[in-house]
Amino acid sequence: KRFDKTPYPVKPTDVVCPHFLELKWAYGCPFDCSWCYLKGTFRFRPEGIEPAYKPLKKVKLHVETFVHEVKTPEILNTGEIADSLMGENEDCPFSKFIVSLFEEQNRHKVLFVTKSTNVRNLLEIASPRQVIVSFSLNAKPVAEKWEKKAPSVGKRIEAARKLSEAGYEVRIRIDPMVPIEEWRESYIELIDEIFLKSIPERITLGSLRGLQSTING
Ligand code: SF4
């Protein structure tokens, strides 16, 4: 059945694993964070986590079928096996392509999950109603050490502010939180910086975790 592997938590110590559906439009990510679980997911892929894209015609067909046939509201996550904004410099930017499909209806929403600051195309879309954008952030010392290829945390917060002001539902993920020395001060500083710029609709916290294959890699 659909959510057999992610049951609702019963005891306080159970893992909370929110249910979501994946919209698989691409594979990989250019940012190469040290703990990236994609290294485990794609361990048998010769190109590793190097980005690759599915034909948009195929994605369009699948999305259109889904939005017409599924009657209960769903959120489709485009950032589980790829960074949602890694295709913004392609001939047909993914954001414009996918948002146009979701804005044709009002039942389902599309979720972007990203560390990118390339929000130029999203800012050109007027009145987005069916879109959620979630930025992954971390304490600065953590990001500087282990998210070396991703844009700086300050730039990500600025991109979140721009989208929030443009009317997007913007969420924040602080994931994975890392128990560095002075973690308390570093994470308080992050929270202060987030709220100084805008108020996220939701903040999700994640712990440091990994498949053994990711850890080995
Ligand atoms: S941004 Fe996310 S998907 Fe991309 S390398 Fe970092 S952890 Fe992996």
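The following paragraphs describe two helices, the ligand surroundings and several individual residues in a predicted model.

Helix α2 comprises residues 56-69. At 1.5 Å a residue, its 14 residues should span 20 Å, and the C-alpha atoms at its ends are 20 Å apart, so the expected and computed spans agree. Four residues of α2 are buried, namely V59, V63, F66 and V67. The arc they cover around the axis is only 90°, and they therefore lie on the same side of α2. The other side of the helix carries the exposed residues K57, L61, H68 and E69. The cover over the buried residues of α2 includes two strands, β1 (21-22) and β4 (75-77), together with helix α3 (94-102).

Helix α7 is formed by residues 183-197. From the first C-alpha to the last, this helix of 15 residues reaches 22 Å, close to the 21 Å expected at 1.5 Å a residue. Its buried residues are S186, Y187, L190, E193 and I194. Because these residues cover an arc of only 120° around the axis, they are placed on the same side of α7. R184 and L196 are exposed and sit on the face turned away from the buried side. The buried residues of α7 pack against strands β6 (131-137) and β7 (169-177) and against helices α5 (140-146) and α6 (153-165).

One of the buried residues of α7, L190, is also in contact with V153. V153 belongs to helix α6. With a relative accessibility of 4%, under the 20% limit, V153 counts as buried. In sequence V153 and L190 are 37 residues apart, while their C-alpha atoms are 8.7 Å apart in space. Residues up to four places away in sequence aside, V153 touches L137, N138, K140 and A143 in addition to L190.

Helix α3, which is among the elements covering the buried residues of α2, contains K96. The relative accessibility of K96 is 33%, so this residue counts as partly exposed, a class that lies between the limits of 20% and 50%. Leaving out residues up to four places away in sequence, K96 touches N121, E124 and I125. With E124 there is a polar contact of 2.5 Å between the two side chains. K96 is also 11 Å from V131, C-alpha to C-alpha, with their positions 35 residues apart in sequence.

N118 is located in the loop that connects strand β5 (109-114) to helix α4 (120-123). Its relative accessibility is 18%, and N118 therefore counts as buried; the limit for this class is 20%. When residues up to four places away in sequence are not counted, N118 touches L85, E88 and N89. The contact with N89 includes a polar one, in which the two side chains are joined at 3.3 Å.

Around the ligand are the residues C29, F31, D32, C33, C36, L38 and K115. This shell divides into five nonpolar residues and two charged residues, with no polar residue.

Particular backbone geometry was found at three places. D175 and P176 are joined by a cis peptide bond, with omega at about 0°. P176 is part of strand β7, one of the elements against which the buried residues of α7 pack. S127 is not a glycine, although its phi is positive, at about 45°. This residue lies in the loop between α4 and β6, and its relative accessibility of 57% makes S127 count as exposed. E182, likewise a residue other than glycine, has a positive phi near 55°. E182 is found in the loop between β7 and α7. With a relative accessible area of 59%, over the 50% limit, E182 is exposed.

Conventions: Residues are numbered from 1 along each chain as its sequence is written. This is a predicted model: local features need pLDDT of at least 70, side-chain atom pairs count only at pLDDT 80 or more; totals for chains, interfaces and linings use all residues. Side-chain values use heavy atoms; hydrogens and water are left out. The expected span of a helix is 1.5 Å times one less than its number of residues. Buried means under 20% relative accessible area, exposed over 50%, partly exposed in between (1.4 Å probe, protein chains only). The arc is that of the directions from the helix axis to the C-beta atoms. Contact means heavy atoms within 4.5 Å. A polar contact is a pair of N or O atoms within 3.5 Å; within protein, one must be able to donate a hydrogen and the other to accept it, and residues adjacent in sequence count only if both atoms are side-chain atoms. A residue is near a molecule or strand if one of its heavy atoms lies within 4 Å of it. Ala, Val, Leu, Ile, Met, Phe, Trp, Tyr, Cys and Pro count as nonpolar, Asp, Glu, Lys and Arg as charged, and the others, Gly among them, as polar.
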